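Please open the model in your viewer and keep the selection panel at hand. The tour proceeds by selections, each followed by a short account of what is found there.

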Amino acid sequence: MTTHLLDKGYEPREVEKRWYAYWEEQKLFSAEEKSDRKSYSIVIPPPNVTGVLHMGHALNNVLQDVLCRYRRTRGDNVLWMPGTDHAGIATQNVVEKHLASEGKDRHQLGRERFIETVWEWRKKYGGAIINQLKRLGASCDWDRERFTMDEGLSRAVRKVFVDLYNQGLIYQGHYIINWCVRCHTALADLEVEHEELDGHLYYILYPFPNGEGGVTVATTRPETMLGDTAVAIHPEDDRYAGLAAEAVILPLMEKEIPIIRDPYVDTSFGTGGLKVTPAHDPNDFEIGNRHGLPAVKVIGDDGSMTEAAGRFAGLERFECRKAVVDALEAAGLLRKIEDHPHGVGHCYRCNTVVEPNLSEQWFVKAKPLADKAADAVRKGETKIVPEVWEATYFDWLDNIRDWCISRQIWWGHQIPAWTCGGCDEMTVAMETPAVCPKCGSSDLVQETDVLDTWFSSALWPFSTMGWPDETDLLKTFYPTSVLVTAFDILFFWVARMMMMGIHFMGKIPFEDVYIHAIVRDEDGKKMSKSKGNVIDPLSVMDRYGTDAFRFTLAAFAAQGRDIKMSEQRVEGYRHFINKLWNAARFSLMNMEDAAPTEADLSAARLSLPDRWILSRLHGVMKTDAGALDAYRFNEAASALYQFIWHEFCDWYLEAVKPTLYEEKGAAEKATTLFVLWRTLKDALILLHPFIPFVTEEIWHKLPGVEGSIMTARFPADDPSQPALREDPEAEAHMALVMDVITGIRNIRGEMNIAPSVSLAATVQSPNEAKRKLLAAYRDLIVNLARLSEFEVAPPGDQPPSAAAAVIEDAALFVSLEGIIDFDKEIQRLEKETGKLQKELKGIAKKLSNEDFLDKAPEAVIQKTRDRHESLSEKQQKLQENLNRIRAMVA
RNA sequence: GGGCGGAUAGCUCAGUUGGGAGAGCAUCGGCCUUACAAGCCGAGGGUCACAGGUUCAAGCCCUGUUCCGCCUACCA
């Protein structure tokens, strides 16, 4: 320990760097694989390896860090498992872009070389987000850091795939899926984002073969007509009841296609005629299956028209749309065009319009897994907080559809399925087979598709802990205590982890799921690069310090509402950090190098402010623990804020200054010093989870403590310290003293009397006990209200030139001999009585209501009566004073 | 189309079994009081979106309306 004095201002940057390095060196984030202590574990939502820290990460990780640091102070064996996600499509896109800037593309490199390049890229840039998490103060067990493409996790992925395949829960099939023509891969339904666009509805006449009339169909995507293989009408549609024709001519393609009847057709939409394109629409695909229609793929995987599109072949799909419309127009078959806003699917990775496309893909049969995942929450095995999200969770799981897990990209877990060139047999296995188990041929070709990234992240809670091996880590930490995440990945990730966790571990992956808010900009808009409204957390930390930023996030994290981030708020909390710093600075200035000797904390030996602050410390400790245990971060943060600033600084420190300056004697100083030390020490421990850096810095200047504050125990759990307790008497006495002081200050302020002017005050109360109390705390009142004289007396003559206030049954007079402004005082009293009058009227009305007296609980009635009595007493006293002053003026 | 959330002080938001409307910031007035002017002391400011209902009593419970935001959906 160098000096115990703090610098005048808190300089976050150097402090943050120093202590983070210290924590890492001392291995203070490390979990014990085996321990007698209670386990507490969280797996981090793994950020994309290509990611940079944004506000969402910051909030998410600060909340996790608060919980982990809090649980450590409570003595738990804490594991916060960190890692990153290989983010297949996103990462591949990033690296491809990088290649493009060098004039290369992945096909030139080939699959193997490309994957090597991604690994190189990952090695070079993939650590960025991890370092940014460290900057945030995240106390993850970094020695256990995992990556979804690591060997161990890849083995878990393979095992899960093989098991599910053998259990019949994974299958391969030819289906309509969402296809991104830019990423060149299939997407799961979830990965498609719908956006309402102003489109058009085109009405096209499909003529009968005999040339007389036809069926008019309506479509938003006219280019797909080239792949139509039927026209459907509803079997009971009267408009087509007498229809003789059994086919129409598909315009532009000049080919005959059948008219079919299917109840799927909505008679109320358009003309009641539906064009059927099995290869490019999921509904049409099913209709096609029902009626045995061929599927003609006219839009290729690259988004341009195929040979099957005839003379439109080679055109880009939207170019083709125009061309088709023009051609139809020219042929006189375009009946009309209507404006038609409708939802259009976009790729969640690159925002390209997604094309429903027919192809061979792998799917997970989701229903059996989803049912168990929903049940676990229904039975309360896993609790979702706040509860409102349960409905959303159930809704999705109860209506789940099979999950398309294959992706036509290179970066990811290649599907462990091999097809025999000899006999076409498919082998799915953990290890690469040498020969075909059926025919013995060694001509085996592995499936080129890779798995959806979310397939591997679904295993995260147990794959990171060593599964499929039965590790100590799993035994100690699975199921995890809580998952902290935002609702936008409730389906993508949370639900799927539930499905996989229950299926493979036989146990839910987490006891609680805490869903926090999304961070938005000041105007409530989602932050996005394209809108240019992103606030970079790193620059916020640079300017205001990490602790201020963290405290802001925690204070904003009220359940069920989005967070609107503004730098102004962070600035406000920087002031709080500074306030704490200075309070500590003041405290330390008064302490010797050694820890204050332990004092007797029984009420008899302590001054009122000492008793009071210890009682308040006990109170805030309880609030803090209760709030954090229930994930009410904002409540914990604001309780601590309130305590430090408005109780500890504003009242306690001011109250004990004379004692610290040894105006009351050495013994009193020693006692107060101990209380001050204890309060500061415990407050730092309570604050540490929120603002770890500044608390650690102060901690090391505090005498009588050892090691890091990270190893300190929560006040209620520390056997080496006398227990804190509630002291209602001290709180009541202090409240009275504070009322008197505030009353005097109020008069001073309202009458514009400078603080430098000492005043004389008198309190008159009929209550002898109260008089005794006030007399006993005379020094405190004189000091904090800046008085020259303070008299306590029974009710009697009122001082002549005095301003008055009423505190409970006591009248307070502040002598203003020579400086009183009578008009001002009259105004002040009138304002006060006016307010009281209004309130009294309301209460009186209540009390005169028979129904109220009849039906309200006795306690409520009594409370109302008491209040009425004390208010009218106060009113009367103020009125007397008002009359007195008026008389003096007149 | 279905569902969810929000509307409380100038701004941003708390308000958990219905029983005296709160905080931070901003504003106004007074202070360089030897930890902190990133501060201290004091003050003003709200028909709790609107309309009904239940109740002795509603910001809170019920119904409806308006305006925002979000999620979800295979009507071309």
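Begin by selecting helices α23 and α24 (residues 768-776), which pack at an angle of about 75° with their axes 11 Å apart. Here helices (H or I, at least four residues) and strands (E, at least two) are DSSP runs, numbered from the N terminus. Axes are lines fitted to C-alpha atoms, for helices over the stretch in contact, and angles run from 0 to 180 degrees between N-to-C directions. The angle makes α23 roughly perpendicular to α24; angles under 35 degrees count as roughly parallel, over 145 as roughly antiparallel, 65 to 115 as roughly perpendicular and the rest as oblique. Show the side chains of His733, Leu736 and Val740 of α23 and of Lys770, Leu773 and Leu774 of α24, which make the contact (heavy atoms within 4.5 Å). These residues comprise four nonpolar, one polar and one charged. In this classification Ala, Val, Leu, Ile, Met, Phe, Trp, Tyr, Cys and Pro count as nonpolar, Asp, Glu, Lys and Arg as charged, and the others, Gly among them, as polar.

A note on the model is in order: it is predicted, local features need pLDDT of at least 70, side-chain atom pairs count only at pLDDT 80 or more, and totals for chains, interfaces and linings use all residues. Residues are numbered from 1 along each chain as its sequence is written, chains are lettered from A and ligands numbered from 1 in the order in which they are written, and side-chain values use heavy atoms, with hydrogens and water left out.

Next, select α18 (567-590) together with α21 (residues 666-687); their axes come within 10 Å and cross at roughly 150°. That makes α18 roughly antiparallel to α21. Among the residues in contact are Phe576, Leu580 and Ala584 of α18 and Leu673, Leu676 and Leu680 of α21. The whole contact divides into eight nonpolar residues, two polar and one charged.

Keep α18 displayed and add RNA strand B. How many residues surround RNA strand B? There are 54, the closest being Asp266, Phe269, Asn283, Arg401 and Arg867; a residue is near the strand if one of its heavy atoms lies within 4 Å of it. By type, these residues divide into 20 nonpolar, 12 polar and 22 charged. Helix α18 gives the largest share of this surface, 10 residues, while α23 (728-750) is one of the other elements that supply at least two. Of the RNA atoms within 4 Å of the protein, 56% belong to sugar or phosphate and the rest to bases.

Now zoom in on individual residues beside the RNA. A backbone N or O atom of Phe269 lies 3.0 Å from a base nitrogen of strand B. A polar side-chain atom of Glu654 also lies 3.0 Å from a base nitrogen of strand B. At Asn582, a side-chain N or O atom is 2.8 Å from a sugar or linking oxygen of strand B.

Finish with the backbone. Most residues other than glycine have a negative phi, and most peptide bonds are trans. Select Pro386, in the loop between β15 (383-385) and α11 (389-398): the peptide bond from Val385 to Pro386 is cis, with omega near -5°. The bond from Tyr478 to Pro479 is cis too, with omega near 0°. Lastly, select Lys27, in the loop between α1 (12-25) and β1 (39-43), where phi is near 55°, a positive value in a residue other than glycine.

Methods. A polar contact is a pair of N or O atoms within 3.5 Å; within protein, one must be able to donate a hydrogen and the other to accept it, and residues adjacent in sequence count only if both atoms are side-chain atoms.
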